[in-house]
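Subject: The structure, and what turned up in it

Hello,

Here is the structure I promised to send over. Have a look at it first, and then read on for my notes.

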Amino acid sequence: MTDTYTINLTRVGKPQKGQKSPSSARRIFDRVRRQPLTVAAFWTIVFLAVVAIFAPVLAPYDPNQSDYADLLSGPTAAHWLGTNDLGQDELSRLIFGTRVALVVALGSVVIAALLGVPLGLLLGYRGGWTDRLGSRLVDVAQALPGILVALAVIAILGRSLWTLMLAIGLIFTMGFARLTRAVTLSERHKLYVESAYVAGMKERVIIFRQVLPNLIGPIIIQAAVFFGSAIMIESGLSFLGVGLDRDTPTWGGMLSGAVEHQAQQPFLVFPPGIAIVITVLAFNFFGDGLNDAITGGVRKSPRKRLTTAELPGMSNAPTAASATLPGQTYSMGAQSADDAAPDAASPFPQKVKEIETPTGATEVLPEPVPGAVLDVRGLSVALERPEGDVVPLVSGAHLAIGQGEIVGLLGESGSGKSMFAKAVMGLLPPRTRLSAGSILFDGTQLAFQSQTMLRTVRGAGIGVVFQDPLSALSPVHTVGKQLIEPLREHKGMSKPEARERAVELLDRVGVTNPRERLDHYPHQFSGGMAQRVAIAMALAADPKLLIADEATSALDVTTQAQVLDLIMDLRDEYGMGVLMITHDLGVVAETCDRAAIMYAGEIVEVGTTTDLFHNPRHPYTSALLAANPASEAQVDRLPTISGRVPLAGEWPKGCHFANRCAFATDACTSSPVPLVDSVRCVRVDELTLEAVAR
Ligand SMILES: Nc1ncnc2c1ncn2[C@@H]1O[C@H](COP(=O)(O)OP(=O)(O)OP(=O)(O)O)[C@@H](O)[C@H]1O
């Protein structure tokens, strides 16, 4: 269909999220009020609606009543807008025509939205081949001339109000589908969708209850624009004589009659012509104004982290690395393990004791850890590049977390920490996949399982807290709704029970006035409070494992310390294992029992926090500690680690850290280095590495 309509998606993308929140609605209302054209358009639409509703009262005559003594008259005292060739009152027909125009436009836009929005949601959310195939079909349908589609529908189904609405609705369906798909594509990358995924919500629930409410803004704007276009198309079809029959007063029909008798009564073209122009302009101006008002708002960005609080053995500054690291971004892979792992379809069989990692190191697999909440062995993640080559992002990582244990995963940006966590959660982004490994969660194998199975396990046993709580919570739902839904889904609680439990959870995480706060939206919480809410959500499932992914990086020092304290308290109370992903040595020092140091896709050292801080064995661990400005070592100039983490696909053949390591020899670069006795360094026994931070 050739009719194309554009809305500024990039600008619409963010602010429409606040649509339902009272303050955002107020902001939008204030902006609309400052646009005189939009206000005028709004009142015109209100006027048209009033005319349509009260047509029988307002019209001076029955629109089909003929006065054969007064044919084709111009404006007179009896007929203010004259009469047509049958002596029918033009004003009355114009008034009733308003009703037909609005009803047909409303019906067709509703039909188009009902068909197009779910289609766009499905394509945008599913992605992959569903999207590719579906989008091509949508493009083909959109390329068909709309008026021909409408004529074909009318020819097949006959002329009636419903047929007309369906015919026009089909023209706009693909417009809605394209818009919804585009916005969904960007929405599905948001953390609140990922949080819902981890909370184990069903795809249908996420699409319609989480994603859809965030699309309401652009859909309303699009509907307003389509409304005007629908009126124009309806008038066009009636003008051509293929719309409604002549007994039904329509503006297009009036225009058609007026053109026929233009020579006798030229005035007749003006009333329907002006009505069409004014109505179409009103809807277009209103849609544009609404778009501008909504897109004028900017969502609050996550707060910049300040410095770390005073931590054991450290002063109050953050690590050099963490101070400059960007916030993490996530995207959600819609692929299931079935389509994600074509060449490595299962975890290691029990009898396998040794593996070859993607980097070529022959590695002895650690024995499964009995009673561990999470036991990851030989986990590898690969990226399939568009050019067709496959590069490893994580290579042969082993990590176990016991009940009630907090284990840090520490490393510079790009080292693979998030990929590791996403692989555990089964949420790898598109084009990345688990290529090898075993992920035992509470004794259940998660590697290479279907998304359905993963959803059940995740929702019931794994909680996740992300860096930016305001992105991790849906902006259009109250926190109560977001807490209550997983409780009902996973715990089978009734609504009142779930509400009570939600109050308890908010109370437990330190949200004051929890009962009232249930009805508040995320933006009404401060960063620290929102993170507490996110923790409460993670706790809703009574998780055995909590993944805290940079959970305190966006918070100020005091709040950071409070949230860390809360996590530690909850660990004690719930006995859950915690995977604490961080750049921050201070966070590890304060909270973690053990930590794994990650570098360029590999875990290079694992140990107790005390051992790592006091007796680092890998040169990278040592260098990280030395580069920590919070270290107590009195130096004039802070040592830095020169160079940068090699990008995926550019890892050196031997030790990944060799080109930045002060101790590297030929032995380090000649062949891949396996993890032996918890350290990945060929010279570990020779080197006596000093702990810089104590
Ligand atoms: N969606 C993605 N698609 C492809 N490659 C990715 C994607 N996300 C990350 N990578 C790559 O995977 C590697 C590991 O990234 P990852 O995000 O896991 O690092 P990280 O240690 O968590 O870093 P940060 O602390 O900055 O989040 C990097 O080389 C990165 O470029």
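How far is the sulfur of Cys668 from the closest cysteine sulfur, and is that within reach of a bond or too far? The closest one belongs to Cys681, at 6.1 Å, which is too far for a bond. Please keep in mind that this is a predicted model, as that applies to everything below.

**Cysteines**

Cys655 tells a similar story: its closest cysteine sulfur is the one in Cys668, 6.1 Å away, and that is too far for a bond. A disulfide would need the two sulfur atoms within 2.5 Å. The count for the structure is zero disulfides. As for surroundings, Cys655 is buried, with a relative accessible area of 14%, and Cys668 is buried too, at 7%.

**Salt bridges**

On the charged side there is plenty to look at: the whole structure has 21 salt bridges. Here are some of them.

- Asp30 and Arg33 pair up through their side chains, with 3.3 Å from N to O. Both sit in helix α2 (residues 22–33), where three residues, or about one turn of the helix, separate them. Asp30 is partly exposed at 22% relative accessibility, while Arg33 is exposed at 52%.
- Asp542 and Arg501 form a salt bridge with an N to O distance of 3.6 Å. Asp542 is in the loop between α22 (527–539) and β9 (545–549) and Arg501 is in helix α20 (residues 495–508), so this pair ties together parts that lie 41 residues apart in sequence. Asp542 is partly exposed, with 35% relative accessibility, whereas Arg501 is buried, with 18%.
- Arg680 and Glu602 make a salt bridge at 3.8 Å, N to O. Since Arg680 belongs to the segment after α27 (666–670) and Glu602 to strand β12 (residues 602–608), the pair ties together parts 78 residues apart in sequence. Arg680 and Glu602 are both buried.
- Arg136, Asp139 and Arg178 are joined in a network of salt bridges.

**The ligand**

Which residues are closest to the ligand? They are Ser413, Gly414, Lys417, Ser418 and His583, out of 14 residues that surround the ligand. By type, that shell divides into five nonpolar, seven polar and two charged residues. Helix α16 (residues 417–425) gives the most to the shell, with three residues.

A few contacts to ligand oxygen atoms may be worth a look on your screen. In Gly414, a backbone N or O atom lies 2.8 Å from an oxygen atom of the ligand. The side chain of Ser418 has an N or O atom 2.7 Å from a ligand oxygen atom. For Met419, a polar backbone atom is 2.9 Å from an oxygen atom of the ligand. Taken alone, the ligand exposes 620 Å², and the protein buries 73% of that.

**Other spots to visit**

The loop between α26 and α27 holds Arg660, which is buried at 9% relative accessibility. The side chain of Arg660 makes a polar contact with the side chain of Glu412, at 3.2 Å.

Ala658 is also found in the loop between α26 (619–626) and α27. Ala658 is buried, with a relative accessible area of 10%. Its C-alpha atom is separated by 9.5 Å from that of Tyr620, which is 38 residues away along the chain.

Last comes Pro347, in the loop between α15 (337–340) and β1 (354–356). Pro347 counts as buried, at 18% relative accessibility. How many residues apart in sequence are Pro347 and Ala447, and what is their distance in space? They are 100 residues apart in sequence and 6.0 Å apart in space, C-alpha to C-alpha.

That is what I have for now. Happy browsing, and do write back with any questions.

Best wishes

Definitions and conventions: Residues are numbered from 1 along each chain as its sequence is written. This is a predicted model: local features need pLDDT of at least 70, side-chain atom pairs count only at pLDDT 80 or more; totals for chains, interfaces and linings use all residues. Side-chain values use heavy atoms; hydrogens and water are left out. Buried means under 20% relative accessible area, exposed over 50%, partly exposed in between (1.4 Å probe, protein chains only). A salt bridge is a side-chain nitrogen of Lys or Arg within 4 Å of a carboxyl oxygen of Asp or Glu. Helices (H or I, at least four residues) and strands (E, at least two) are DSSP runs, numbered from the N terminus. A residue is near a molecule or strand if one of its heavy atoms lies within 4 Å of it. A polar contact is a pair of N or O atoms within 3.5 Å; within protein, one must be able to donate a hydrogen and the other to accept it, and residues adjacent in sequence count only if both atoms are side-chain atoms. Accessible areas come from the Shrake-Rupley method with a 1.4 Å probe; for residues, only the protein chains shown count as cover. Ala, Val, Leu, Ile, Met, Phe, Trp, Tyr, Cys and Pro count as nonpolar, Asp, Glu, Lys and Arg as charged, and the others, Gly among them, as polar.
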